[in-house]
Amino acid sequence: MPLIHRKKPTEKPSSPPSEEVVVPDEDSQKKPHESSKSHHKKSNGGGKWSCIDSCCWFIGCVCVTWWFLLFLYNAMPASFPQYVTERITGPLPDPPGVKLKKEGLKAKHPVVFIPGIVTGGLELWEGKQCADGLFRKRLWGGTFGEVYKRPLCWVEHMSLDNVTGLDPAGIRVRAVSGLVAADYFAPGYFVWAVLIANLAHIGYEEKNMYMAAYDWRLSFQNTEVRDQTLSRMKSNIELMVSTNGGKKAVIVPHSMGVLYFLHFMKWVEAPAPMGGGGGPDWCAKYIKAVMNIGGPFLGVPKAVAGLFSAEAKDVAVARAIAPGFLDTDIFRLQTLQHVMRMTRTWDSTMSMLPKGGDTIWGGLDWSPEKGHTCCGKKQKSNETCGEVGENGVSKTKPVNYGRIISFGKEVAEAAPSEINNIDFRGAVKGQSIPNHTCRDVWTEYHDMGIAGIKAIAEYKVYTADEAIDLLHYVAPKMMARGSAHFSYGIADDLDDPKYQQPKYWSNPLETKLPNAPEMEIYSLYGVGIPTERAYVYKLNQSPDSCIPFQIFTSAQEEDEDSCLKAGVYNVDGDETVPVLSAGFMCAKAWRGKTRFNPSGIKTYIREYNHSPPANLLEGRGTQSGAHVDIMGNFALIEDIMRVAAGGNGSDIGHDQVHSGIFEWSERIDLKL
Amino acid sequence: MDCKRKKKERIKERRRWIVTVYFDLNEFSGYHFEVYTCSINCCNLIYRPLCWLEHLSLDSETGLDPPGIRVRAVPGLVAADHFAPCYFAWAVLIENLAKIGYEGKNLHMASYDWRLSFHNTEVRDQSLSRLKSKIELMYATNGYKKVVVVPHSMGAIYFLHFLKWVETPLHDGGGGGGPGWCAKHIKAVVNIGPAFLGVPKAVSNLLSAEGKDIAYARSLAPGLLDSELLKLQTLEHLMRMSHSWDSIVSLLPKGGEAIWGDLDSHAEEGHNCIYSKRKSSQLLLSNLHRQNYSVKPESWVKEPAKYGRIIAFGKRASELPSSQLSTLNIKELSRVDCTSNDSTSCGEFWSEYNEMSRESIVKVAENTAYTATTVLDLLRFIAPKMMRRAEAHFSHGIADDLDDPKYGHYKYWSNPLETKLPYAPEMEMYCLYGVGIPTERSYIYKLATSSNKCKSSIPFTIDGSVNGDDVCLKGGTRFADGDESVPVISAGYMCAKGWRGKTRFNPSGMETFVREYKHKPPGSLLESRGTESGAHVDIMGNVGLIDDVLRIAAGASGQEIGGDRIYSDVMRMSERISIKL
């Protein structure tokens, strides 16, 4: 054995040369037993070098090395990673904070951040026995350690009461407050941190930045009922404006925060018992600009898939890669069902359902995005792709985006006349249940029975309006709770007194903007990433599964450029929100003086073309257009900072459009 | 939980006091800071100590941010619930409040930058306006129930400042809440370990950046701290930093000789040191033995400790009758500035010692003792710039006539002896503090043997070799009863006497209660910091105190939780203090 050969006879057994140990031979590693055996035979009394010693030395060395590397890592100058990156990729552009500081910009208007769904941290204030020791630890956000350690307990605590939509008895989970609430979602995964750091460069600090964290699981009005979050926000904005010398606030909502702030603007001016009692000019007095980042004004189709079968593109792709994995019941975890049960107790998911119905999202045979071509993997070079479309040699068939859910690929492509709809709405829900193991998981599917499931599948095609009806049929309890808080229609007459109810306040098509002619509304969002728009479904044949429907992942086109990928039709957007939803209000419905915008508040559209990070070192990139990563987009940050420092829409260059949003908006026939 | 009936919002005010020792984080307490331009936390204290010091220091002229550095207090409940991992400050209290239904919406941590003078927190960060708006908001969103304010340590005087500020009209630099604001919004102020009348520790801190812990370490390993180990000059650096913080000056003893005793007499007369040591039985026994067997008869009849001499140079000066002390009038001593630059090698410290000549240092130290009044003169002499800056924000005297218009100035607002409490007869003032731990009360100093050529090193040190025969004098420090940081007299006097009944400091006669908690060290290591501790910070985990705070928050009045609860002789001490009430 090499170990022994190398050993010199003169050597003292107690102090073996370090090289033997530091670089242990493969042999001595692989065959420790042999080595020690032969060792014992040959070195009688001479050395007691045994397997255990080698192990100890080995472990010791690993520990020392580890400790040493850790020490080096900690002693490393903070600028080292950046230096390496710059050596490889060439000098990075100055972050906008540094750049604008050189230009002499100074903090002027106080800034309010409103985080979106999912990105805000939640912490435990009171829990069941299984959550002992988690007091004021983050259940949502941070490391998500608890999900792995006690998944069922976690699901139980994150769920709300499925009747009231408020806390279940004995559990209180509350939003984390302060800027820390949503600066990082998980370690290393920034949300607001980059924006905050850049604002700090030009002089912002805690006193003029405020994170309006709220419990994003609740319906918007319930955040006020339970936590007085809206009152808090009002009082904080008033405080910031008065301590900053009367300069109005710039509001920066992200994702669902956009809808939340729409709700707030209505609430704050509504009279006291139901609203904030701020009076009819509160917004004009306190708000300079609302800079919506990736706002799903008109909802997202993803929410339909999320509620219908608890899956979206991410899950669908995973299923296509490893079929059967997600469907089988590993350890009876029934992952998807649990997730579904949890998300269905959250009222807020229903705020994201597509709004405006067929008028906005398209019908059986038309959609505003008609003619959009998907460019597959070439999405980065959008120009070349656009040209192909204009020449009329588009290789792909036009996609019927209006059919948000269709059963089977053929149906999705068939002409409207060929589709035979059998109305599902009247179908009797059977009592026979395919399997009983789902009982312990609360979904409403087991009330539906085979007849109901069949009726749904036979209806074949659902447009935006019908998708809502479908959800009403599939999950009547949940939708009953949800429709008390949200509405998805279009108002005929905005002065109808019924629109003073809180449930309409977060739907831009059923409320008027406040009377604040000097205010500005921006819509900032990314484009150039395929975004879910419509789904191809199939009946779930697996007998073990409790969810009878799933995305038909094998629906594919052979063509690389197809918009259909793994059962999902994609359209332009920021990966989550389609362009139509993010841009339509600012591009058309609020442009100029319309009935939705009676005081003629100025609106601007700022699109940011997605360009993925050039290499891994750049992390999530500084030019990303993805829904969350856009918060690190330098151009977007620069725009926000200029407005915060006192600029207005024309200072930052009016509209900046890459997609076909204006063209598409024109196609929507909506009374303005 | 019987106290689950009513939810009342509460505010937490906070503070602990600051600094002494570089390795002893206890003394550092409270807060993390956020730095925008370069990241700073406790780890960085170890990795880059100089950078850390630079960022935590304030500008020596203005007492505000130095150019290019902005360090801000962390907001929210996380700001001070744990000071270091596993070292709780507010966390236990918050957790217990949560059990009876409190949560983010009715708890508020009023964090502020504790390095600044109180007035400057409003000037720079609008902390007071923020606090006012938060209290008003919580009052309104919780169904118009008044708030309970829980300040800790320096927070107590910060909140005194706030009480005065909030009712002062806007044009006088106040909050414009108008008279009656406090009566309307505040149910009770529950001061935990309040340093109302300051702490002697602040003097030693400013004079030589050390406290008993350092003096102790020095006597154990002489030379270690004095040598320029790795050229770190730890103490000097710390001193430079703490001299740039105005807030330390707010903790200097207030009320002068009337409260803290003059050269010959003091309020704690007759204080029995054995009493204060009874809990640490082990030590006590050995001390008793020493006294019984090895002590000469004279020391039994020696004069009682002279606590009034907060700083004495040499043990003799601390014990001699006052007639034999050299009568140095420090105000007349002219400060001989020497401008020699031979000390440039010592680095670019800002410490005013290097502008002082050796002669004046010696003169200051010659066989003299300083009382609470003259020690301020000493500090003014030694560090004129710092004191000039800080005394624009704080005052340490006793008012003769509280209606004198000069007391409208904000520098008097945090001194309970120079302000009136607001007119709020229904409000309650509580003083909750630990007793039974020897607490620094006065010091014996010596001239530092300046072995090194560096002139900027600190010329005075606590004489760690001075040990008394009883436990009241150890390592150059005399101890009195208290909670390890704040002596009983400072924490309890205002509630026990200064504000009791209708006095000129408390014109509306709001009720005051003194609640003392006897220190009981944790029974075993497993208990870690114990549930019956009386120590300054650990008391926040004391079950008796938490019980009281919860009951008050749930709506109980002072009588309902049992009125006064006293173990020390704070009442007797207070009687001995004669100030006009």
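The following paragraphs lead through a predicted model of chains A and B, from the domains of chain A to the contact between the chains.

Local features are reported at pLDDT of at least 70 and side-chain atom pairs only at pLDDT 80 or more, whereas totals for chains, interfaces and linings use all residues; side-chain values rest on heavy atoms, with hydrogens and water left out. Residues are numbered from 1 along each chain as its sequence is written, and chains are lettered from A, with ligands numbered from 1, in the order in which they are written.

Chain A is assigned domain 1 (82-118 + 192-300 + 508-529 + 573-671), domain 2 (122-175) and domain 3 (348-353 + 356-375 + 397-503 + 530-571); such bounds come from an automatic or database domain assignment. Between domain 1 and domain 3 of chain A, 39 residues of the former are in contact with 33 residues of the latter, contact meaning heavy atoms within 4.5 Å. These two domains of chain A bury about 2,900 Å² between them, with 63% of it on carbon and sulfur atoms. Buried area here is the accessible area (1.4 Å probe) that two parts lose on being put together, summed over both.

The polar side of this interface can be described in turn. Between domain 1 and domain 3 of chain A there is one salt bridge, defined as a side-chain nitrogen of Lys or Arg within 4 Å of a carboxyl oxygen of Asp or Glu. There are also 14 residue pairs in polar contact between domain 1 and domain 3 of chain A, both residues being at pLDDT 80 or more. A polar contact is a pair of N or O atoms within 3.5 Å; within protein, one must be able to donate a hydrogen and the other to accept it, and residues adjacent in sequence count only if both atoms are side-chain atoms. On the side of domain 1 that touches domain 3, the elements of chain A giving two or more residues are α11 (220-227), α13 (256-269), α24 (579-589) and α26 (661-667). Helices (H or I, at least four residues) and strands (E, at least two) are DSSP runs, numbered from the N terminus.

Within chain A, Ile287(A) belongs to strand β9 (residues 287-293). Ile287(A) counts as buried because its relative accessibility is 0%, where buried means under 20% relative accessible area, exposed over 50% and partly exposed in between (1.4 Å probe, protein chains only). Leaving out residues up to four places away in sequence, Ile287(A) touches Lys248(A), Ala249(A), Ile251(A), Phe261(A), Trp282(A) and Met519(A). Helix α10 of chain A (residues 193-201) has several buried residues, among them Leu195(A), Ile196(A) and Leu199(A). Gly203(A) follows α10(A) and has a positive phi, near 110°.

The second interface joins the two chains. Here 28 residues of chain B are in contact with 25 residues of chain A, and the area buried is about 2,500 Å², of which carbon and sulfur atoms give 50%. Two salt bridges are counted between chain B and chain A. Arg174(A) forms a salt bridge with Glu103(B), with the closest N and O atoms 2.5 Å apart. Nine residue pairs, both at pLDDT 80 or more, are in polar contact across the interface of chain B and chain A. On the side of chain B that touches chain A, α3 (78-81), α4 (91-99), α5 (118-125) and α6 (127-141) of chain B each give two or more residues, and α6(B) gives the most, with six residues.

Thr141(B) lies in this helix α6 of chain B. With a relative accessible area of 16%, Thr141(B) is buried. Apart from neighbours within four places in sequence, Thr141(B) is in contact with Gln228(A), Ser231(A) and Arg232(A).
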